[in-house]
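Visitor: I'd like to learn how to read the empty spaces in a protein model. Could you walk me through this one?

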Amino acid sequence: MAIEIPRELVESLRRARRVAVLTGAGVSAESGVPTFRDAQTGLWARFRPEELATPRAFRLDPRRVWEWYAWRRELVARAEPNAAHRALVAMEARQPEFTLITQNVDGLHTRAGSRNVIELHGNLHRTKCFDEDVAVSEWTDTGDVPPRCPRCGGLLRPDVVWFEENLPVEALARAMECSAACDVFLSVGTATVVYPAAELPLRARAGGARLVEINPSPTPISAQAHHVLRGPAGEVLPELLRAWTEHDPVLSPREDPPDARGDVT
Ligand code: APR
């Protein structure tokens, strides 16, 4: 599938000082990790989020919730980063100020080699104490499901953000800051319906950034995007990287690029 990368977008990327990217479940879809809201295949088409991804659900049936996340952890452990993850690693390598903000809890960006990653919704592979809300990396396997906190004996839970819970304060503040300050913002593989993450693309646009949406389907922000690239991230991102780097010597970090704000006047 030939994807047309607009010339204007390539030029903006080449002039950009700061690039920020927001990713969602769509980026991991080509690794075999189900998204949340895609019809039939999405997790929320098969499971009821209010029964599995809220503090109330955990209090009501901690075993069921723990086992559901254990199932997702195994599924993700069998998955491999795909071409979309790898293209983002290559983009970070060539762009001095590149921030990857992800809603994904699968850890595939870090596994692919991305470094400057902000995990807005936590990480499946981390665990914390439900009562003390502090990270727990080791515990004695007493056969309890969920296992118990070695400090207070409370239940352990996955270190992910559930519905009705606040995002990690420092991560959200960094995400808001770099979105408002970037020159180009890529919104990739997210339905852009869950807040506050869904606010970031619009915050970037309001800050003067050139806003790009990469998604096979329309989202509520499609109309606000300067560029909409309709296709799977695993095909579009490598194509965008190719267009960005073609005939363009890698900018050495010391060089100050000309101002690159993407305002369309
Ligand atoms: N490439 C790019 N985008 C894709 C692909 C693909 N191969 N496949 C699907 N998509 C798009 C879908 O069109 C959809 O817009 O990815 C999006 C996935 O949307 P959701 O399943 O709603 O996932 P996301 O936006 O990440 O959800 C946000 O909601 O359930 C909570 O905490 C959970 O982090 C999650 C948050």
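Visitor: Let's begin inside: which elements each supply at least two residues of the lining of the largest cavity?

Guide: The general idea comes before the case. Rolling a probe the size of a water molecule over the atoms shows where empty space is left. Keep in mind that this is a predicted model. Here, helix 8 (108-112) and strand 3 (117-119) each supply at least two residues of that lining. Helix 8 has the largest share, with three residues.

Visitor: How many cavities of 30 Å³ or more does a search of the whole structure find?

Guide: Just one turns up, and the space in it is about 30 Å³.

Visitor: Which residues line the largest cavity?

Guide: You can pick them out on screen: Thr102, Asn104, Asp106, Gly107, Leu108, His109, Thr110, Val117 and Glu119. Sorted by class, that makes two nonpolar, five polar and two charged residues.

Visitor: On to the pockets, then. What volume does the largest pocket have?

Guide: About 940 Å³. Its lining has 50 residues, and Gly24, Ala25, Thr35, Phe36 and Arg37 are the closest to the centre. Helix 2 (26-29), helix 3 (43-46) and helix 6 (62-78) are the elements that give two or more residues to this lining. Helix 6 gives the most, with five residues. As for chemistry, the lining divides into 30 nonpolar, 14 polar and six charged residues.

Visitor: What takes up the space of the largest pocket?

Guide: The ligand does. There are 22 residues around the ligand, and Glu30, Phe36, Arg37, Thr190 and Asn215 come nearest. That shell divides into 10 nonpolar, nine polar and three charged residues.

Visitor: Which polar atoms should I look for beside the ligand's oxygen atoms?

Guide: For polar contacts, look for N or O pairs within 3.5 Å. A polar backbone atom of Ala25 is 2.8 Å from an oxygen atom of the ligand. Gln103 also offers a polar backbone atom, 3.2 Å from a ligand oxygen. With Thr190 you want the side chain: one of its polar atoms lies 2.8 Å from an oxygen of the ligand. As for burial, the ligand taken alone exposes 740 Å², and the protein buries 91% of that.

Visitor: What about the second largest pocket: what is its volume?

Guide: Its volume is about 220 Å³. Of the 15 residues in the lining, Lys128, Asp133, Asp159, Val161 and Asn166 are the closest to its centre. Strand 4 and strand 5 are the elements that give two or more residues here. The class count for this lining is five nonpolar, two polar and eight charged residues.

Visitor: Let's turn to the backbone. Where are there cis peptide bonds?

Guide: For each one, check the omega angle and then find its place in the fold. A cis bond joins Val145 and Pro146, with omega about -5°. Pro146 is in the loop between strand 4 (122-129) and strand 5 (156-160). The bond from Tyr195 to Pro196 is also cis, with omega near 10°. You'll find Pro196 in the loop between strand 6 (184-188) and helix 10 (200-206).

Visitor: And which residue has a positive phi although it is not a glycine?

Guide: Go to Glu164, where phi is about 70°. Glu164 lies in the loop between strand 5 and helix 9 (169-181).

Key: Residues are numbered from 1 along each chain as its sequence is written. This is a predicted model: local features need pLDDT of at least 70, side-chain atom pairs count only at pLDDT 80 or more; totals for chains, interfaces and linings use all residues. Side-chain values use heavy atoms; hydrogens and water are left out. A residue is near a molecule or strand if one of its heavy atoms lies within 4 Å of it. A polar contact is a pair of N or O atoms within 3.5 Å; within protein, one must be able to donate a hydrogen and the other to accept it, and residues adjacent in sequence count only if both atoms are side-chain atoms. Accessible areas come from the Shrake-Rupley method with a 1.4 Å probe; for residues, only the protein chains shown count as cover. On a 1 Å grid over the protein atoms alone, a cavity is a set of points where a 1.4 Å probe fits but cannot get out, and a pocket is an open set with protein on both sides within 12 Å along at least five of seven lines; lining residues have an atom within 4 Å of a point. A molecule sits in a cavity or pocket if more than half of its atoms lie within 2 Å of its grid points. Ala, Val, Leu, Ile, Met, Phe, Trp, Tyr, Cys and Pro count as nonpolar, Asp, Glu, Lys and Arg as charged, and the others, Gly among them, as polar. Grid points are joined across faces, edges and corners, and a volume is the space filled by probe spheres set on the points. Helices (H or I, at least four residues) and strands (E, at least two) are DSSP runs, numbered from the N terminus.
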